Amino acid sequence: MMVKSIGLAVLAVAAALAQQGGQEGGLSAERIREHTKFLSSDLMEGRGVGTRGGQLATEYIATQLALAGAKPAGDNGTFFQSVPLVGVETQPNSTLGAAVWGKGVDLKFGDDFVGVNGTQRPDTRFEAETVFVGHGITAPEFQWDDFKGVNVTGKVLVLFTNEPPSDNPKFFDGRALTYYGRWTYKYEEALRRGARGVIIIHTTDTASYGWDVVRSSWGREAPFVKVGPNEKALALQGWVSREAGEKLLALAGKTVDELLAASEKPDFKPIDLGIQVRAHLVSKIRDLETRNVAAIVPGSDPKLKDEAVIYSAHWDHLGIGTPVNGDSIYNGAIDNATGCAVLLEMARAWASLPQKPKRSALFLAVTAEEGGLKGSEYYAAHPLIPPAKTALDLNYDALYPWGRAKDVVITGAERTTVYPLAQQIARRLNLAISPDATPEAGHYFRSDHFSFAHVGIPAFSIEHATEFAGKPAGFGAQAYQEYNSKHYHQPSDEFQPDWDFTALEQAAVYGFLLGRDVANQDKLPGWRPGDQFHR
Ligand SMILES: [Zn+2]
């Protein structure tokens, strides 16, 4: 009797576990730990783009996806989508100058200006008229247009980054930065308008970081998606320091403060500066061969399986670089071995489901995130599943293995029709949804999900937790500060044996349930009406 009832109880527990396993595929913190440990080991040499370590890491990811039972979704029946990038390094002998009525200024690369030749040629010279276009924004939904119909074809646009300041949530989303405020948008809008180039006048306020950050990130080789033979590109994507900006504007009898003030008025009109700029850009150009890793678990519905949910995480990190305390391997354990580990565990769980969801799931480890989201940008331009048939992208980038999470951060989810479901699943898992602590920093535009959003796919990241169980209040914020100031993009972002991966398992379970429900629902999700990325 006793034995029998224990037997029954055991059976009941086993059945409950099996059901849970069936629901969540038995996602395991331990497996996430082991993948993280291997991918961030010194053997991987920091997973640099175009390096042996990068080749090894992608080979490992592909092998694990194959072992999980996912099918190859890359080129020619492989797990790889090759991503041809071009490394462009502007050389210090490049020059930028301006002249009017015989007066002129010559700017020095690095100290005064930085920039890249978007046409990816080793040697480019050009002269062009300049026009000041405020923030360079056309945003009909906020009744804002800095161009006012003025033709800027062939001209160099001079502008400030960021957007008109606002506390009104209906005007440029209040304090939060919209995509219009990002410098990448400025270059895109200029290209759409046929401009020759762009010069952003840096101010610490408008950029939210100092000139040293601009200088160091633009002063070295950066990867770009290769420009096609008939594709248009800007001859100059540039920045000048505030001081250099003053010198330039002085030629037109203007000051930075005066133009900043003008750019904040809704009736702003482009100002012809009457200055001719002269640029000579010398660039070191080389091909960078790299790859995304792609695997699919086909859906069970004969029709809906053409559509898919994407899970993404970038595999690349900074490789081997300048030694810090004698260590030159930038292991990138948190950034982003953790996200890749979650991706692999998710693929294993999905592939092991006895009954597959209706839509397919694509597991995508993308390259060259650290160089500006280039692997995901390439994917968006060369999608394996058409964007119109892609339900959702859930991205994982840098998760914190510091115990059991009390919350989940899914900034951007509220812009999509997935949000009510995202809230429901958070409640079911006892996780609070925490807001973005610094919306003005525009983090939404700085991780791979954004490349998908940019082509209309509802997309957001499942970010690191900010509150942990059993830890004092403020622990999360303090640990974040500590990581960010000491280990972020440093060789010390290394695997630690005492890390507790529970929060990563929770983030995996959360994304798994969300993706599975989206894969089974009748309609494809979308953006909220009126959203900037509405398709
Ligand atoms: Zn990073």
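**Tour: His 317, the zinc site and a pocket**

Select His 317 to begin: this residue is buried, at 3% relative accessibility. The model on screen is a predicted one. His 317 sits in the loop that runs between strand S14 (308-314) and strand S15 (319-324).

Keep His 317 selected and add His 489. Along the sequence the two are 172 residues apart, yet in space their C-alpha atoms are 8.4 Å apart. His 489 is partly exposed, because its relative accessible area is 21% and the buried class stops under 20%.

**The zinc ion**

Next, centre the view on the zinc ion and show the side chains around it. Its protein donors are Asp 335 (OD), Glu 370 (OE), Glu 370 (OE) and His 489 (NE2). These atoms lie 2.0 to 2.3 Å from the ion. What angles do the 4 donor atoms subtend around the zinc ion? They run from 58 to 147°, so the arrangement is irregular. For a tetrahedral label, all angles would have to lie between 85 and 135 degrees.

Now trace the donor residues along the chain. Their spacing is D-x34-E-x118-H. Asp 335 belongs to helix H9 (residues 333-351), while His 489 is in the loop between helix H13 (475-487) and helix H14 (502-520). The pair therefore ties together parts that are 154 residues apart in sequence. Colour by accessibility and check Asp 335: with a relative accessible area of 5%, this donor is buried.

**The second largest pocket**

Move to the second largest pocket, and start with Asp 173, Ala 176, Gly 412, Glu 414 and Arg 415, the lining residues that lie nearest its centre. The whole lining comprises 29 residues. The pocket volume is about 550 Å³. How many residues of this lining are nonpolar, polar and charged? The split is 13 nonpolar, 8 polar and 8 charged.

**The whole chain**

Finally, zoom out and switch to a cartoon view. The protein chain contains 14 helices and 21 strands. Its radius of gyration is 25 Å, close to the 24 Å given by the globule rule for 535 residues, so the chain is as compact as a globular protein of that length. Along the principal axes, the C-alpha atoms fill a box of roughly 105 × 50 × 50 Å. A surface coloured by burial completes the tour: 55% of the 535 residues count as buried, Asp 335 and His 317 among them.

Definitions and conventions:
Residues are numbered from 1 along each chain as its sequence is written. This is a predicted model: local features need pLDDT of at least 70, side-chain atom pairs count only at pLDDT 80 or more; totals for chains, interfaces and linings use all residues. Side-chain values use heavy atoms; hydrogens and water are left out. On a 1 Å grid over the protein atoms alone, a cavity is a set of points where a 1.4 Å probe fits but cannot get out, and a pocket is an open set with protein on both sides within 12 Å along at least five of seven lines; lining residues have an atom within 4 Å of a point. Grid points are joined across faces, edges and corners, and a volume is the space filled by probe spheres set on the points. Ala, Val, Leu, Ile, Met, Phe, Trp, Tyr, Cys and Pro count as nonpolar, Asp, Glu, Lys and Arg as charged, and the others, Gly among them, as polar. Donors are N, O and S atoms within 2.8 Å of the metal (3.2 Å for Na, K and Ca); water is not among the atoms, so sites may look incomplete. Four donors count as tetrahedral if all angles lie between 85 and 135 degrees; four count as square planar and six as octahedral if opposite donors are over 155 degrees apart and all others between 65 and 115; anything else is irregular. Helices (H or I, at least four residues) and strands (E, at least two) are DSSP runs, numbered from the N terminus. Buried means under 20% relative accessible area, exposed over 50%, partly exposed in between (1.4 Å probe, protein chains only). The radius of gyration is taken over C-alpha atoms; the globule rule is 2.2 Å times the number of residues to the power 0.38.
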